[in-house]
Amino acid sequence: MTAKNKKRATRIATILGLAYLLPNLLGFLVFTAGPVIFSFGASLTNWNIMNSPPLEFVGFRNYQQVGQSSQFWTFFINTVYFMAFIPVGIAGSLVVALLLDSRLRGMTLFRTLLYLPSFTAGVAIMIMWKGLYNPDHGLINACLRGVFDLFSLPFQGPGWLQSTQNLMGLHPEKIAFAVKDIGLGAREALVFMGFWAGLGGGNMLLYLAALTNMPDELIEAASLDGAGRWAVFRHVKWPQLAPTTFFIVIMSVIGGFQGGVDSAQVMTGGGPAGTTTTLAYHIFRKSFVEYQFGYASAVAWVLFAIVFAFSGLLWKFGNKETNY
Amino acid sequence: MKGSIAKGAFVYTALVGLAIMSLVPFFWMLFTSLKPLSEVESGSFLPKDWRPGNFQEVFAQIRFGRYYLNSIFVASWVTYLTCLTSALAAYSFTRLEWKSRDFLFRVYLATRMIPGVVTQIPGFAIIVNLGMLDTYAALIVPSAFTAFGVFLLRQVMLGVPKALDEAARIDGANSWQILWEIVLPLSRSGIITLAIFSFMGNYGSLIGPLIMLKSDGLRTLPVGLTFFDSKYGSQTNLLMAASVMSIIPPLILFIVGQKHLVKGIQLGAVKG
Amino acid sequence: MRALFSAILVVLVGWTLFMLPTSRDPVPAGKTIVTWATDDTPIRREQIALFNKLNPDLDLRIDPTNNDPNKVVVQSIGGVGPDVFDMPGTTLKVFVDSGIALDLTDELAKMGYDPLSEIWPAAKPLFAIEDRTYGVPANLDTLAIFYDRQAFDEMKLPYPPVNPTWDDIIAIGKKLTAKDASGRTTRYGLLFWWDWRDFFAMCGARLFTDDGRKLTIDTPEALAAVNLMSSLIYVHKLAPTASESNSMASVGGWGSGNESRFVGRRAAMVVGPRYFTGNFRRAPDLKVGVVKLPLSATGSTRLKGRTIAVNSRSPRRAAALRFIKFVTDGGYNRLNNDLADGVGPSLKYTEEPKFQFNPDFPEEKYNPIWRQSMLAAQPDESSPYISNGQVDEAVGFQLDLVNQGIKDPKAALAAAQAAGEKLLQENLAANAALAKRYAEGSK
């Protein structure tokens, strides 16, 4: 093609691309991008929703405050702590999806049953777990006690939602580790609860959809070649699932950094002693309890920067276009 | 065939175990909805005094029927718009080559990284300034254009072989036809999944309707449910009864969707 | 695919044509709709019914907030919002500073109502700032101890004295705490809310100096308060630990957990506000008595209440003001006092004979005790230099550690003091006008 024709072709391609994008893009710009930009502007002010003190532009002072705040780092660690179990959760969803992808009868029924927690009122689930986690009378400690009794071992039930202990021995007040802080506390309680809820949740559904879409021929071909089930999984199914896995990982990371608000609000109030306060819950409190919207926006944007950087890394490693 | 009997047994056992774990909170909900208020906090799982009248009571205390209809209506619109516009957008991001395509996609994705709390107030201000306050539009439009759907369908479409596109192009098809005849049908499972996610996400959302609405005739189920759970006291049994009834539409959508998420989409076109 | 999407679109559009006209609430002919953003409860419904009856040309409706302040805040910022709304009295300043709450002083004067003399005097900070009135309390309440007469009768013990000391309560509570064979407590002596502010108030522990410039958290009174709280649970074993109380009832019935536990006979005494009475009336066979909460020499119970304010941006200001008048009038106040929703804002209606002794509820001989407790109650302190939320954070965090057994109370209070002071300094650094005021040393 001549240079002029090539340029023209590129322009047509661009117009065509944007044309398809337009319906979504318009709405996106107004309702998603707009508020986002606004919040960045807000982070540069001392906006205290109720206008006391008077609004003024403060530049990056909010960001400075965030950097100096030891609270921020504590909550950041909390957030990361909860996210550390994400890979386990994703693997769990994959296992469940594989189970449900079998050609046995009754799969529709099982899928519905397993997805049921997502339908069940969140309130009901949290209430149930609150009861399960009760250190003295809850089912979990009762079962654990039973196991310990079998071996005649002394049993001191973990405090779960009441305790600031955690598996990494983090001290609640400062960023330090101590042996006496090791235990199963509120953080672990929420993590396990999240894992259970996630098993039959959206990730499972996504994997299921991807598995359904997978052409049978490849699997059959591999089996005929003598590959065992594990090999089939590793060399045929897993690569095919790559786009889905990538999606799930990115969404889980993004969601994970922003999560923890509901469970903190309903179950722990962010405690005990701030151990279940994630950054997102911290932002929520700063916005709607202390009305410091400018500062809260700054925290949100710092969080954004972290998420952006992290997902950028993931993107580099994971974004393959699987076309064959 | 010994191997597959063992495999089958293993699968069933695991699934039954998981199913039981999932059913427990649901049954708690169900039985609580049949209890009188005084029994709600008792230790017993089953009601001693069965009250199926609770379900009727829900209708008596709030405009449950209207809220129900509104919820389904709004969620249906959101689901439809999301699937449609996300499909078009994802098509643009995967099948068409144009300048800054990948950059713009990264921007889409980046906006999801801002915690929703800080965009709530500006979002509200925009709605008010557009004159959309206290309308169905306020419930439908903002939710229909997020990056989630675009990202999801993009990944799904990446799994559809481009070879098919080229074959069709040789046959003289234009991009519109390729989208509807080839790419979308092959992305069916993704669209169904997106539909389920969108519907459930919007069906259960509380903050939007709570803040944007004033008229009782527009309210959705989550707002109606708050009546049973105020700070002065919770009528938890009625709350659970209402919740149980609320499950039905997304449940139906899910079951119908699952029936379509079956194998059997032949890719014979490539081989043949 | 294309056919499917087109078909669905047709269906949705058709459905919209049906939904739109039916969604408009019928506007009652000749009436103006006034919206009140508040919690939807049976008591509210009665209050509204009364108002609508007395004002046939108005139609007051509830706009449910789910007790969430977000909604009013967000809507008011957007320039829309309810005509009247209520808020916890302690957040009044926020709504005044932002200009959302209308200054009612002149309007009330025109109506011939002087809020500063007619409303319970101690409640002034909940509705007025520097003698300008910005709202009217929807109701006021304070704490006292309810006791289950049957439990005392069963154990053949005398009822508690009207003016008990903590030693009295502890002794009585211990006798009434019952355990079963396995050592699990089946009935507790006393239930109370684990709210450090209640105990601080009772023991006379002040949070700030009078001008609010200095925090006074680390004091002997505060230490006494913290020790009292934990001794009731861990030393005298009168009250359940947090986890035990969770296991008694993981869901509240009508009312908060403690109310329903008391109704369920799981405790002989419960610390609670007057509005518990409503629930107790509905419980069959429950006969209660009321005694005052033990106070130290400088102590008091906390006066709490929600304040009703008018949205300054409301176009229906006249109607909103009529509602405010209604709240100050006899109809509303007597209704509140009868329904035991705390007490109504206007003091004089509790002097009426029907309040002292309500013939509909002859068993309730204790209303004078409520009146006396209310007269002695004090609202929460506040300081212009540090918000209540920040104080809660500083103290709450440290007390959590005490509960965990990680920290000893004295050290915790000292740390809370230090944390609070740090927050105060940060507030001053962020706000020049505030710092100036602080330096001038005036309040």
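Select chain A: of its 324 residues, 46% are buried. Keep in mind that the whole model is predicted.

**Stop 1: chain A on its own**

Colour chain A by secondary structure. You will find 15 helices and zero strands. Turn the C-alpha trace along its principal axes; the spans are about 80 × 70 × 35 Å. Next, draw the contacts within chain A. Take those between residues at least 6 apart in sequence: 62% of them join residues at least 24 apart.

**Stop 2: where chain A meets chain B**

Add chain B. Select the residues in contact across the two chains. The selection holds 74 residues of chain A and 73 residues of chain B. Stay on the chain A side. Which helix gives the largest share of it? Pick residues 3-43 of chain A: this is helix 1, and it supplies 20 residues. Now colour the chain A side by residue class. It divides into 48 nonpolar, 23 polar and three charged residues.

**Stop 3: a helix pair in chain B**

Hide chain A. In chain B, select residues 188-203, which form helix 10, and residues 248-260, which form helix 14. Their axes come within 10 Å and cross at roughly 175 degrees. Angles over 145 degrees count as roughly antiparallel, so helix 10 of chain B is roughly antiparallel to helix 14 of chain B.

Show side chains where the two helices meet. From helix 10 of chain B, display B:Ile192, B:Ala195, B:Ile196, B:Phe199, B:Met200 and B:Tyr203. Facing them from helix 14 of chain B are B:Pro250, B:Leu253, B:Phe254, B:Gly257 and B:His260. How does this contact split by class? Nine of its residues are nonpolar, two are polar and none is charged.

**Stop 4: the sheet in chain C**

Move to chain C. Look for an open sheet of five strands, in the order 8-9-10-7-11, with mixed pairing. Which strands stand at the edges? Select 178-179 for strand 8 and 288-291 for strand 11. Each has a single partner strand, so one side of each is left without a neighbour in the sheet.

Zoom in on strand 8 of chain C. It pairs with strand 9, residues 185-191 of chain C, in the antiparallel sense over two bridges. Label C:Lys179; opposite it stands C:Thr185, in strand 9 of chain C.

**Last stop: the helix across the strands**

Select residues 166-176 of chain C, which is helix 9. Add strand 10, residues 267-273 of chain C, to the view. Helix 9 lies across strand 9 and strand 10 of chain C. Its direction makes an angle of about 165 degrees with strand 9 of chain C.

Conventions. Residues are numbered from 1 along each chain as its sequence is written. Chains are lettered from A and ligands numbered from 1 in the order in which they are written. Axes are lines fitted to C-alpha atoms, for helices over the stretch in contact, and angles run from 0 to 180 degrees between N-to-C directions. Helices (H or I, at least four residues) and strands (E, at least two) are DSSP runs, numbered from the N terminus. Angles under 35 degrees count as roughly parallel, over 145 as roughly antiparallel, 65 to 115 as roughly perpendicular and the rest as oblique. Two residues are in contact if their C-beta atoms, placed from the backbone, lie within 7 Å. Ala, Val, Leu, Ile, Met, Phe, Trp, Tyr, Cys and Pro count as nonpolar, Asp, Glu, Lys and Arg as charged, and the others, Gly among them, as polar. Two strands pair if DSSP finds at least two bridges between them. A residue is buried if 20 or more other C-beta atoms lie within 10 Å of its own, exposed if 12 or fewer, and partly exposed in between; C-beta atoms are placed from the backbone.
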